[in-house]
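This report describes the protein chain and its ligand shown below. It proceeds from the overall fold to the core, the ligand shell and selected loop residues.

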Amino acid sequence: MNRMQDAHPVTLRAATPDDALCIGVLATQVFLDTYATEGIRPAIAREARATMAPEVFAPLLADPANRFILAERLGHLIGFVQWKPDQPHAMVTARRPAELQRLYVLERFSSTGVGTRLLRAAEADAAKGGADLMWLTAWSGNARARAYYPRRGYVDAGTTSYSFEGETFENRLFVRLLDAVNS
Ligand SMILES: CC(C)(COP(=O)(O)OP(=O)(O)OC[C@H]1O[C@@H](n2cnc3c(N)ncnc32)[C@H](O)[C@@H]1OP(=O)(O)O)[C@@H](O)C(=O)NCCC(=O)NCCS
């Protein structure tokens with residue numbers, strides 16, 4: 001995308017259950033772009049279908065405990081952030097920790113500021129709701145994410161892991177205090 005010539009505004013809004021189809025398809029594309037770095041094999045194909053299908057997002061969207069903010073341009077979904085209040089983590093000390101569960105922007109629209117707008121919107125909503133810290137985990141092999149969050153105020157708080165289908169992957173834990181947000 002030519003960033004300099006794109007005058008179409010990107011708008012943010014809260015998701016509704018009707019958005020499950022587009023969120024699931026966008027999430028599948030971004031997931032594969034990010035994690036299928038060697039191509040597709042059965043384990044990652046199953047993981048993509050099991051965690052990113054529209055049918056998986058529909059009940060999450062229907063439960064108000066899950067918060068989704070969408071980024072749209074010309075009526076099309078180009079990214080979303082998913083977060084959840086009051087999610088403890090063994091390595092996180094906070095009164096009201098919120099978890100940033102997914103920040104996904106279509107590659108075609110990356111590096112245009114959409115991710116940062118979504119991230120800041122989630123942090124502002126979380127702080128407004130009383131959260132004092134946002135945490136997230138990112139795959140250690142995701143160099144872009146590992147560079148991205150520290151530039152946005154997140155501190156690397158150590159190593160965690162994620163397992164599926166008998167394989168274990170190292171993740172980094174990132175945290176950001178939300179004290180300064182909204183003040
Ligand atoms: C990581 C990710 C969320 C970043 O989203 P993004 O929309 O590209 O992020 P931004 O555009 O806000 O910022 C990225 C870079 O673009 C540049 N940028 C931001 N706004 C810009 C603008 N208006 N014009 C030109 N460049 C811009 C910045 O230089 C920034 O780099 P920096 O970190 O050195 O400051 C996105 O790449 C993504 O979805 N990746 C795949 C999924 C993933 O890994 N998610 C995170 C783990 S859950």
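Of the 183 residues of the protein chain, 28% count as buried. The model is a predicted one. For a chain of 183 residues, a compact globule would have a radius of gyration near 16 Å, and the protein chain agrees with this because its own value is 16 Å. The C-alpha trace spans about 45 × 35 × 35 Å along its principal axes.

The protein chain has 5 helices and 7 strands. Read from the N terminus, its elements follow the order β-α-α-α-β-β-β-α-β-α-β-β. When contacts between residues at least 6 apart in sequence are considered, 67% of them join residues at least 24 apart.

## The nonpolar core and helix α4

The largest nonpolar core contains 40 residues, and those with the most contacts inside it are Phe80, Val81, Leu118, Ala122, Ala126 and Met134. At least two residues of this core come from each of α1, α3 (54-62), β2, β3, β4, α4, β5 and β7 (167-177). Helix α4 provides the largest share, 6 residues.

Helix α4 has 15 residues, which at 1.5 Å a residue should span 21 Å; the end C-alpha atoms are 21 Å apart, so the expected and actual spans agree. Its buried residues are Val114, Gly115, Leu118, Leu119, Ala122, Glu123, Ala126 and Ala127. Among the elements that cover these buried residues are β1 (10-14), β2 (67-73), β3 (76-84), β4 and β5 (133-139).

Ala126, one of the core residues with the most contacts, also shows what α4 meets. Leaving aside neighbours within four places in sequence, Ala126 is in contact with Trp83, Pro85, Ala98, Ala131, Met134 and Leu178.

## Helix α1

Helix α1 has 16 residues and reaches 21 Å from its first C-alpha to its last, close to the 22 Å expected at 1.5 Å a residue. Within α1, the residues Ala20, Ile23, Gly24, Leu26, Ala27 and Val30 are buried. These buried residues pack against α2 (42-52), α3, β3 and β4.

## The shell around the ligand

The ligand is surrounded by 20 residues, of which the closest are Ser110, Ser111, Gly113, Gly115 and Thr116. At least two residues of the shell are supplied by each of α1 (20-35), β4 (97-105), α4 (114-128) and α5 (143-148). Strand β4 gives the most, with 4 residues. By class, the shell has 8 nonpolar, 8 polar and 4 charged residues.

Gly115 therefore appears in two descriptions: it is one of the residues closest to the ligand, and it is a buried residue of α4.

## Loop residues

Where does Ser111 lie? Ser111, one of the residues closest to the ligand, is in the loop between β4 and α4. Its phi is near 60°, a positive value in a residue other than glycine. Most residues other than glycine have a negative phi. A second such case is Glu165, with a phi near 50°, in the loop between β6 (155-164) and β7.

The loop between α4 and β5 holds Gly130 and also Ala131. Just after α4, Gly130 takes a positive phi of about 105°.

Is Ala131 buried or exposed? A residue counts as buried if 20 or more other C-beta atoms lie within 10 Å of its own, and as exposed if 12 or fewer do. The table gives the resulting state of four loop residues.

| Residue | C-beta neighbours inside 10 Å | State |
|---|---|---|
| Gly130 | 12 | exposed |
| Ala131 | 25 | buried |
| Ser111 | 11 | exposed |
| Glu165 | 10 | exposed |

Ala131 counts as buried because it has 25 C-beta neighbours inside 10 Å, whereas Gly130, with 12, counts as exposed.

Both residues can also be placed relative to distant parts of the sequence. Gly130 and Pro85 are 45 residues apart in sequence and 8.8 Å apart in space, C-alpha to C-alpha. Ala131 and Leu178 are 47 residues apart in sequence and 7.1 Å apart in space, again C-alpha to C-alpha. Apart from neighbours within four places in sequence, the contacts of Ala131 are Pro85, Arg96, Pro97, Ala98, Ala126 and Leu178.

Terms used
Residues numbered from 1 in each chain as written. Predicted model: local features only at pLDDT ≥ 70, side-chain atom pairs only at ≥ 80, totals over all residues. Near = placed C-beta within 6 Å. Nonpolar A, V, L, I, M, F, W, Y, C, P; charged D, E, K, R; others polar. Expected span 1.5 Å × (residues − 1). Contact = placed C-beta atoms within 7 Å. Rg over C-alpha atoms; globule rule 2.2 N^0.38 Å. Core = buried A, V, L, I, M, F, W, Y, C linked by C-beta atoms within 7 Å.
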